[in-house]
Amino acid sequence: MGTDALLVGSIPLDSVEDVFREFGAPLGASLKTLPDGEVGPRKHWISRIHYQVLSGHPELEAVQRPGPDENGVEKQFPRNASEAWWFKVKDGVERVRFGDPGWRIGYARDAINSYFVFKTLREKGVLPKHLRFQVSLASVNSALPPRIFPNHADLAKIRPGFTDALVAEAAMIVSKIPNEDLAIQWDCSTEVQDAYGAVQGFSAADAVERNSAQFRTLSKAIPETVQLGYHLCFGTLGGWPRFAPPDLGATVALANGVIEASGRRVDWIHIPVLPDVGENFFAPLKNLKPRGARVYLGVVHHMDGFKERIAMARKFLPDFGVAGYCGFGRVPPKDLPQVLKEHQQAIAAA
């Protein structure tokens, strides 16, 4: 029968050309959008922002950084949340601002460079002509999670300025890449944890509004000629999942909230799925209100239970595409051929 698929983002190969050839070419017919794999420092997701953007900012102080490796050599990227970067806003600073609008975070330059490779390979027939180039961006609340600011009052001082910088970055991407070739995805991990009350110091009671409000600014500025999606995530830092909720109830509530807040059409929503779960885990999917967005469930993993998972999901959501649980930035590169094989199997079997 077969179905369509979504690649969430990171694929730890050596170059974007490797990603396009090794994943985009064999899967392209089943994809609508194709990311560049977030190669290099971006495979570590928000940690790249912490060391490349925040650690050198004159209005911030790094109060903890990842420890050295086993040979005593510096590391920029934490192995787990306990050794992550921590920051404080310097005394006397009420609003952290970011210069060089459109370029400061680094997403736009990477996207423009990767799009050239994407366009070239598509013109050569390596990639199908229908594909759009997908740019995955960490949301504000995930890029600046409460866990990296021991003083939570600092969040109100840095998030508004970072929002401005991220809006400028997205606008630069939109201005430099043909809109009919472009898709933008917001990656949301902290938001999902917060929705379940799993972020220390915050109540789940108002979590949906607290986390969806940012998209009234981030998403409505993206023109409708550009496709828009959301990736909701249970987190992979220190091992997947960072937390394992009992069901998809809060995830669905958050999905409905971000779709409502977007202020424009949403083209897809990605919802993660745990292994070894029963029907109760999937039951909240009946409350999902996608408003025309294509739903992708993160069921491509632990393939011995794949068919059972999709059968249970279809009792509550009859039609959906398939995806991994997250990006694969923390997957050993030697395992990527198996990851590709599992996606091919899932597309054929779903």
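**Exercise 1. In which helix is glutamine 193 found, and is glutamine 193 buried or exposed?**

Before the solution, two notes on the source. This is a predicted model, in which local features need pLDDT of at least 70, side-chain atom pairs count only at pLDDT 80 or more, and totals for chains, interfaces and linings use all residues. Residues are numbered from 1 along each chain as its sequence is written, and side-chain values use heavy atoms, with hydrogens and water left out.

Step 1. Glutamine 193 belongs to helix H6 (residues 190–195). Helices (H or I, at least four residues) and strands (E, at least two) are DSSP runs, numbered from the N terminus.

Step 2. Buried means under 20% relative accessible area, exposed over 50%, and partly exposed in between (1.4 Å probe, protein chains only). Glutamine 193 has a relative accessibility of 8%, so this residue counts as buried.

Step 3. Contact means heavy atoms within 4.5 Å. With neighbours within four places in sequence left aside, glutamine 193 is in contact with Ala198, Val199, Arg242 and Phe243.

**Exercise 2. Describe the setting of valine 174.**

Step 1. Valine 174 sits in helix H5.

Step 2. The relative accessible area of valine 174 is 16%, so the residue is buried.

Step 3. Apart from neighbours within four places in sequence, valine 174 is in contact with Asn179, Leu182, Ile184, Pro223 and Val226.

Step 4. From valine 174 to glycine 72 the C-alpha to C-alpha distance is 42 Å, and the two residues are 102 residues apart in sequence.

**Exercise 3. Describe the setting of glutamine 345.**

Step 1. Glutamine 345 is part of helix H12 (residues 336–349).

Step 2. Because its relative accessibility is 35%, glutamine 345 counts as partly exposed.

Step 3. Glutamine 345 and phenylalanine 306 are 39 residues apart in sequence, and their C-alpha atoms are 9.9 Å apart in space.

**Exercise 4. Which parts of the chain does the salt bridge of glutamate 279 with lysine 315 tie together?**

Step 1. A salt bridge is a side-chain nitrogen of Lys or Arg within 4 Å of a carboxyl oxygen of Asp or Glu. The whole structure holds 21 salt bridges.

Step 2. In the bridge between glutamate 279 and lysine 315, the closest N and O atoms are 2.3 Å apart. Glutamate 279 lies in helix H10 and lysine 315 in the loop between helix H11 (306–314) and strand S10 (321–323), so the bridge ties together parts that are 36 residues apart in sequence.

Step 3. Glutamate 279 is partly exposed, at 33%, and lysine 315 is exposed, at 55%.

**Exercise 5. Work through three further salt-bridge entries.**

Step 1. Glutamate 260 and arginine 291 form a salt bridge through their side chains (2.4 Å, N to O). This pair links distant parts of the chain, 31 residues apart: glutamate 260 is in helix H9 (residues 249–261), arginine 291 in the loop between helix H10 (279–282) and strand S9 (294–298). Glutamate 260 is partly exposed at 47% relative accessibility, and arginine 291 is exposed at 59%.

Step 2. Arginine 210 and aspartate 206 also meet in a side-chain salt bridge (2.5 Å, N to O). Arginine 210 is partly exposed, at 24%; aspartate 206 is partly exposed, at 43%.

Step 3. A network of salt bridges links Asp4, Lys32, Arg294 and Asp319.

**Exercise 6. At what angle do helix H3 and helix H5 cross, and which residues meet?**

Step 1. Two packed helices are described by the angle between their axes and the distance between the axes. Axes are lines fitted to C-alpha atoms, for helices over the stretch in contact, and angles run from 0 to 180 degrees between N-to-C directions.

Step 2. The axes of H3 (residues 107–123) and H5 (residues 155–176) cross at roughly 20° and come within 9 Å. H3 is therefore roughly parallel to H5 (angles under 35 degrees count as roughly parallel, over 145 as roughly antiparallel, 65 to 115 as roughly perpendicular and the rest as oblique).

Step 3. Tyr107, Ala108, Ala111 and Ile112 of H3 meet Leu166, Glu169, Met172, Ile173 and Lys176 of H5.
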